[in-house]
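Student: Before we discuss this model, could you put it in front of us, so that each answer can be followed on the structure itself?

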Amino acid sequence: MIKLTGVTETMRIHRLATTATTALFCWASLTACGSGETSPDLGALDAAAPAKNGGTGAAGKTGTALDLPKAGSIAKAAQIVHAYGTCNDLSTDPKDDDFFDGDEAYDATWSVTERGACGRGTRIFMFKDMKAFQAAYKADLDADRKENPNRGHRGKFLLGRDFAVLPDQKPVIRNALQPGGLMMLNCHPDFNPPTGYRKDPTQVKGCVLTNYFED
């Protein structure tokens, strides 16, 4: 059972508000962690990025801090995702047909505390520790790349401050990468976006957050 605006709901939440706006977002600066690391400089964003991913993606200097949306709950994360693509019918029941076999592997070892499925293949993962999540993804990708060197070159997860999204529709990804939205986690060693797109450091060496998606 989860709570939404103080009312106990069943495992399936119907008709979350479709008017999610940036007013729903709780912004928090992404800071570095780990021994010897310092927080990125809170520099202003640079110019507008090229139009490939929706036309107005903000480009920033490498090393600037990112302001990512913070959900605080899976219900709020679903509202945020619904601003980019359909997520008005959230299920948190692992037995639901919308859940993917194997997603349970993202739980404790990835710092994932709760999972949800929006239908149409979009899944949400709430995590407790962003650095642990990023490190787990990089380790998983490094293992996969031994058989397929190109695995993960386009990235995989869209990240907020405390949640990750796995959409299966390209329009959702492009919409989410607009200014003030989510960022793509990319840990492929050969990833290098075109000039004007963001390639900001994460809390794990070898990974970046970017607003570029090669579709």
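Student: In which loop does Gly121 lie, and is Gly121 buried or exposed?

Tutor: This is a predicted model, in which local features need pLDDT of at least 70 and side-chain atom pairs count only at pLDDT 80 or more, while totals for chains, interfaces and linings use all residues. Residues are numbered from 1 along each chain as its sequence is written, and side-chain values use heavy atoms, with hydrogens and water left out. Gly121 lies in the loop between strand 7 and strand 8 (122–127), strands being DSSP runs of E of at least two residues and helices runs of H or I of at least four, numbered from the N terminus. Because its relative accessibility is 11%, and buried means under 20% relative accessible area, exposed over 50% and partly exposed in between (1.4 Å probe, protein chains only), Gly121 counts as buried.

Student: Which residues is Gly121 in contact with, leaving aside its neighbours within four places in sequence?

Tutor: Contact means heavy atoms within 4.5 Å. The C-alpha atoms of Gly121 and Phe100 are separated by 8.3 Å, although these residues are 21 apart along the chain. Once neighbours within four places in sequence are left aside, the contacts of Gly121 are Phe100, Leu166 and Asp168.

Student: Why does Phe99 count as buried?

Tutor: Phe99 lies in the loop between strand 6 (89–91) and strand 7 (112–119). Beyond its neighbours within four places in sequence, Phe99 is in contact with residues including Ser91, Pro94, Arg115 and Ala117. Phe99 counts as buried because its relative accessibility is 11%.

Student: Which element gives the most to the lining of the largest pocket?

Tutor: A pocket is, on a 1 Å grid over the protein atoms alone, an open set of points where a 1.4 Å probe fits, with protein on both sides within 12 Å along at least five of seven lines, and lining residues have an atom within 4 Å of a point. The largest pocket has a volume of about 330 Å³, and among the residues closest to its centre, of the 18 that line it, are Arg154 and Leu166. Helix 2 (130–144) and helix 3 (170–176) each supply at least two lining residues, and the element that gives the most, with 4 residues, is helix 2.

Student: Where in the protein is confidence lowest?

Tutor: The mean pLDDT (the predictor's confidence in each residue, from 0 to 100) is 73 for the protein, with 69% of its residues at 70 or more. Confidence is highest in strand 9 (residues 158–159), at 96, and lowest, at a mean of 34, in strand 4 (residues 26–29).

Key
Grid points are joined across faces, edges and corners, and a volume is the space filled by probe spheres set on the points.
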